[in-house]
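Okay, thanks for coming, everyone. I'll take a few minutes to walk through a structure, and I'd like you to follow along on the screen.

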Protein chains: 2
Amino acid sequence: MQQTNFYQSINGIFAVGAANGADAWQQDRGLAYGHGLFETMRYQGALVPLRERHVKRLCSDAAVLGISLDRAIVDSHLGQFIEVLAAQKVEAGVIKILATAGNGGRGYQSPEIMAPQIICQYSSFDAEQASDQRELGIKLWRCAYRLPSNTVLAGIKHLNRLDQVLARSEWSSSEFADGIMLDAHDSIIEATSANIFVRTAQGWVTPSLEQAGVAGVMRALLIEHLFLNQNLSVSINPVLANDLEQALELFVCNSVRGIIPVTHIAGVGTLSGIDISIGDQTRMLQSALGKLYPCYL
Amino acid sequence: MQQTNFYQSINGIFAVGAANGADAWQQDRGLAYGHGLFETMRYQGALVPLRERHVKRLCSDAAVLGISLDRAIVDSHLGQFIEVLAAQKVEAGVIKILATAGNGGRGYQSPEIMAPQIICQYSSFDAEQASDQRELGIKLWRCAYRLPSNTVLAGIKHLNRLDQVLARSEWSSSEFADGIMLDAHDSIIEATSANIFVRTAQGWVTPSLEQAGVAGVMRALLIEHLFLNQNLSVSINPVLANDLEQALELFVCNSVRGIIPVTHIAGVGTLSGIDISIGDQTRMLQSALGKLYPCYL
């Protein structure tokens, strides 16, 4: 398909534009196909906890999608963005980085020379609510929607997130802070916007993300450092609904909110009406995380 | 997550904007999550073949994604767009309609009141190449990438198209006009941008799209009208790689290019190196389609 001419209308308003002009965001492959990725980060006092992990993950996962991102450039955009926020006296919030494959290509075919688009966005954040959640725990909705299996895309925080949108649409009550998602084989994978760790009589386990799910940066910090530092072991294995019914402790985690204990799971079918206490080991892990990054206290 | 303040940078250029301002396209749920759909249509002489089917499918599939689209409004935007193209003496090309869930919501949660964004885009089109393809046939690449199973999203032309992007990245030679995609169970599903029909000794069959794939408008026209009009029968059933190896006739179809015979499949593993002749029944169907819409002749 040649694109010598390009016209468009947005919500009925006609516009003539160049096919690859700076105004042609409607042709960005991020919008057209979800050809891109994102990171959601905590921002506090001109710092981003786990910044290096976020930038590293974004760039290495981008390569799987054929998008070549330079770590130094991404980190420099983020650094400049943080500087401006700090100069504007912005104290705390959330920073999201979107990296897309940019414009061009012929249909699904990527352009030979890709010009990725890197967008940094700040939005405010209810830190008090997150603090309450860490203290008191949250309730999870057990989503009926199932995550599909995809070994190529599993683990990547890409822009194809209809699974999460559809799962999140199952409940509207603010009683449930997040939803728990299973795959088609009744394995627990993750929450819609957090990873999951559970302690059973066999010890701590977090779901394997070989088939589905997003491999979160906070999850990696927990596996690689926090558990070890507390002399606790954790395994990465399939987790079945039955394991949650036997849960001694359960928490979700992400890099915006930290470690959030789960006290209840509700929903239709299996895994409905489960109550769980907040355990000592969860408190130890929260405390260890707070020592590294006080914004998660 | 509250969004009382919003800042962003695009490729390193800082900008302050309102969270829901008209300039905040970077917050559109279509970009953020692929929360939207699209149609790709042929435009010829101020007409869009299958226009009613395209608009109807867009609106009914949008409802599955929680997006409420008014058919009359979408059709009116399309109609106005066609009028302006015609006034600009644009003779032929492709029109794409994107419909997204618009801005707003809290993370994956959709806003209570959704303001969908409807974008019409025109781009030129190599009609001569398509005509040659219909006459001479095309070669397909057999993609190694497998389509995941998802009964909720199967059939819908949504904006989560990383599957097609990754499959399309497997070959770069222009020798292959499209690629053939299988699911994890070795069932043939579709081409990256077209549906598939195959004639074996048992007759014509097109793959069931209950688990994966896009239910194309041209496919529907073929199933509902063109086969019947030619006194041919066609079934919708799982199609296995073995069925293609026994193919007597094979074609792909979409509403941009019409009915394109396939003469060869190449690639690694099964289904590599298959040659197929262009058969009389394919020619009959092409001719019947051309009578309805001469742009596909």
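**One chain, then the pair**

Let's begin with chain A by itself: it has eight helices and 15 strands. Its radius of gyration is 21 Å, close to the 19 Å that the globule rule gives for 297 residues, so chain A is as compact as a globular protein of that length. Please keep in mind that this is a predicted model.

In terms of extent, the C-alpha trace of chain A covers about 65 × 45 × 35 Å along its principal axes. As for burial, 52% of the 297 residues of chain A count as buried. And if you take the contacts in chain A with a separation of 6 or more, 70% of them come from residues 24 or more positions apart.

Now the domains. The domain assignment splits chain A into domain 1, residues 7-125, and domain 2, residues 130-296. Their centres, taken over C-alpha atoms, are 27 Å apart. Where they touch, domain 1 of chain A puts in 19 residues and domain 2 of chain A puts in 12. On the domain 1 side, β3 (36-44) and α2 (51-64) of chain A each supply at least two residues, and β3(A) has the largest share, with eight. By character, that domain 1 side is eight nonpolar, six polar and five charged residues.

Okay, on to the two chains together. How many residues of chain A are in contact with chain B? It's 61, and they meet 61 residues of chain B. On the chain A side, the elements giving two or more residues are β1 (6-10), α1 (29-33), α3 (71-87), β4 (92-100), β5 (117-123) and α5 (162-168). Which of them gives the largest share? That would be β5(A), with seven residues. As for what the chain A side is made of, we get 28 nonpolar, 30 polar and three charged residues.

Stay with β5(A) for a moment. This strand pairs with β1 of chain B, residues 6-10, in the antiparallel sense, over five bridges. If you want a spot to zoom in on, A:Ser123 stands opposite B:Phe6 in β1(B).

Last topic, symmetry. Chain A superposes on chain B by a rotation of 180° with 0.0 Å of shift along the axis, at an RMSD of 0.0 Å. The two copies are thus related as by a two-fold rotation axis. Both copies use the same surface, too: 100% of the contact residues of chain A recur in chain B.

That's my bit, thanks.

Terms used:
Residues are numbered from 1 along each chain as its sequence is written. Chains are lettered from A and ligands numbered from 1 in the order in which they are written. This is a predicted model: local features need pLDDT of at least 70, side-chain atom pairs count only at pLDDT 80 or more; totals for chains, interfaces and linings use all residues. Two residues are in contact if their C-beta atoms, placed from the backbone, lie within 7 Å. Helices (H or I, at least four residues) and strands (E, at least two) are DSSP runs, numbered from the N terminus. Ala, Val, Leu, Ile, Met, Phe, Trp, Tyr, Cys and Pro count as nonpolar, Asp, Glu, Lys and Arg as charged, and the others, Gly among them, as polar. Two strands pair if DSSP finds at least two bridges between them. Copies are superposed by least squares on the C-alpha atoms of residues with pLDDT of at least 70 in both. Domain bounds come from an automatic or database domain assignment. The radius of gyration is taken over C-alpha atoms; the globule rule is 2.2 Å times the number of residues to the power 0.38. A residue is buried if 20 or more other C-beta atoms lie within 10 Å of its own, exposed if 12 or fewer, and partly exposed in between; C-beta atoms are placed from the backbone.
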